[in-house]
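Hi everyone, thanks for coming. I'd like to walk you through a structure that's probably new to most of you, so let's put it up on the screen.

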Amino acid sequence: MNDKTVNCQISTAKYKVWVLCATFNHAPYITDTMDGFCRQQTDFLYLCVIVDDNSKDGEQDVINQYLSNHFTVESIKETDDYHLTLARHKDNKNCYFAVFLLKYNHYSIKKPIRTHYQELVSGVNYLAFCEGDDYWTDEHKLQKQADALDANPQAMMVYTNFRIIDGEGKPISRPIIEKFPGRSHSGDNLPTLFHYGNYVMALTTMYHYEVLQSDAYKNCSYSIDFATTLAAALMGDFIWLPEQTACYRSLESGMVRSNLQKGLRWIQDIYRYYAGLVMNGQCKPLSLGQRIHLTILILMRALSRKDHQLKKNTLSVCPLSCFLLPIAFIRLKIKRLKEKL
């Protein structure tokens with residue numbers, strides 16, 4: 001294996017927050033994303049891990065030019081899998097970049113990327129997400145969210161409001177996504193997630209790093225944002241900050257819209273997996289009332305989606321669910337009647 005390192009690696013123990021930016025063929029947008037990272041005003045050091053999955057539209061050249069213009073390179077490493085540049089911003093001394101330019105597309109062969117950067121982020125407190133076609137608009141996003149989690153140890157995640165834009169940066173309407181802020185709230189979000197599915201936009205979030213180290217998350221077959229959010233909800237509360245801190249770019253070529261059917265199957269599998277954990281008691285402590293409420297919501301989901309596997313799993317694991325199934329059926333009927341009125 002070709003494994004070549006130049007200079008010394010940056011210490012991993014000093015970062016409070018790391019930001020994961022997975023990107024592919026986002027050449028027209030990645031500069032906005034990196035600008036949002038670099039503008040963050042914090043009283044702590046943070047590391048932005050940018051992973052380009054062998055883009056073919058010139059994005060890697062855009063990233064390299066950005067590094068050359070704004071960063072001082074501290075370390076370079078090259079392997080058969082990637083070229084890594086570790087660098088510090090010339091003006092914002094709290095901002096570090098770790099840029100992985102992959103030499104072949106990992107997504108197409110289902111090869112995980114986390115093994116490449118795992119050592120770099122060991123010891124951090126919190127994790128934030130932002131893909132290469134989205135960007136942050138609030139220069140205090142990381143500071144506000146880290147402060148909120150510091151002040152609320154029982155909270156596993158903090159998230160915010162956002163704007164929806166198109167490829168040219170113009171505001172657009174997406175009715176389903178526009179409902180998300182109305183469902184968002186501080187406190188226990190587990191019932192709301194089991195009721196509605198995912199309504200948390202990844203680019204607005206910050207998680208406790210221990211969420212990613214939990215067995216619930218590690219044993220899930222998928223690592224998309226819904227899985228991360230449900231893992232956090234199983235462990236503790238959420239904090240909702242209603243101000244807008246980011247722009248979500250809705251593109252026809254985006255992963256969600258271009259792989260809709262596959263994404264829906266993933267979400268269905270993730271829902272079943274985490275519902276099973278709750279039914280087996282593998283989550284934060286719940287009162288009897290909370291368990292009954294969650295069981296009814298899960299059964300309503302199974303009935304509304306005609307998900308026979310979810311229904312079977314729930315009935316087999318939780319004896320109480322046999323008595324709650326008629327209640328779930330009646331509540332679903334009432335809900336549908338209200339929607340028609």
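**A quick tour**

Let's begin with Lys-110, which counts as exposed, at 78% relative accessibility. You'll find Lys-110 in the loop between β6 (95-102) and α3 (114-117). Its backbone is a bit of a curiosity: Lys-110 is not a glycine, yet its phi is positive, about 55°. Before I go on, please keep in mind that this is a predicted model.

Asn-54 makes a nice companion to that. Here too we have a residue other than glycine with a positive phi, this one near 60°. Asn-54 sits in the loop between β3 (45-52) and α2 (59-70). So is Asn-54 buried or exposed? With a relative accessible area of 15%, Asn-54 is buried, because the cut-off for that is under 20%.

One more loop while we're at it. Between β11 (237-249) and α11 (255-258) there's Glu-252, and that one is exposed, at 59% relative accessibility. What I like here is the pairing with Gly-167: the two are 85 residues apart in sequence, but C-alpha to C-alpha they are 9.0 Å apart in space.

Okay, on to salt bridges. How many does a search of the whole structure find? The answer is eleven. Take Lys-16 and Asp-150, where the closest N and O atoms are 2.5 Å apart. That pair ties together distant parts of the chain, with Lys-16 in strand β2 (residues 15-23) and Asp-150 in helix α4 (residues 141-151), 134 residues apart. Asp-150 itself is partly exposed, at 39% relative accessibility.

Next up, Asp-307 and Arg-272, whose side chains meet in a salt bridge at 2.9 Å, N to O. Again the pair links distant parts of the chain: Asp-307 is in the loop between α13 and α14, Arg-272 is in helix α12 (residues 260-279), and they're 35 residues apart. Asp-307 is buried, with a relative accessible area of 6%, while Arg-272 is partly exposed at 23%. And some of these bridges share partners, joining Asp-138, Lys-144 and Glu-243 into one network. There's also a bridge between the side chains of Asp-35 and Arg-39, at 4.0 Å, N to O. Arg-39 comes out as partly exposed, with 48% relative accessibility.

Now let's look at some helices. I just mentioned the loop between α13 and α14, so what do the helices themselves do? Helix α13 (residues 288-304) and helix α14 (residues 308-317) have axes that come within 8 Å and cross at roughly 150°. That makes α13 roughly antiparallel to α14. The crossing of α13 past α14 is left-handed.

Then there's helix α10 (residues 225-235). Nine of its eleven residues are buried, so α10 is largely enclosed by the rest of the structure. Among those buried residues are Phe-226, Leu-230 and Leu-234, along with a run of three alanines, Ala-231, Ala-232 and Ala-233.

Last stop, back out on the surface. Leu-288, Leu-320 and Phe-323 form a nonpolar patch there, with about 340 Å² of accessible area together. Where does Phe-323 lie? It's in helix α15 (residues 321-340). Phe-323 is exposed, with a relative accessible area of 65%.

That's my tour, and I'm happy to take questions.

Key
Residues are numbered from 1 along each chain as its sequence is written. This is a predicted model: local features need pLDDT of at least 70, side-chain atom pairs count only at pLDDT 80 or more; totals for chains, interfaces and linings use all residues. Side-chain values use heavy atoms; hydrogens and water are left out. Patches are made of residues with over 30% relative accessible area and no salt bridge: like charges are joined within 9 Å, nonpolar side chains (Val, Leu, Ile, Met, Phe, Trp, Tyr) within 5 Å. Accessible areas come from the Shrake-Rupley method with a 1.4 Å probe; for residues, only the protein chains shown count as cover. Helices (H or I, at least four residues) and strands (E, at least two) are DSSP runs, numbered from the N terminus. Buried means under 20% relative accessible area, exposed over 50%, partly exposed in between (1.4 Å probe, protein chains only). Axes are lines fitted to C-alpha atoms, for helices over the stretch in contact, and angles run from 0 to 180 degrees between N-to-C directions. Angles under 35 degrees count as roughly parallel, over 145 as roughly antiparallel, 65 to 115 as roughly perpendicular and the rest as oblique. A crossing is left-handed if the near helix is turned anticlockwise from the far one by less than a right angle, and right-handed if clockwise.
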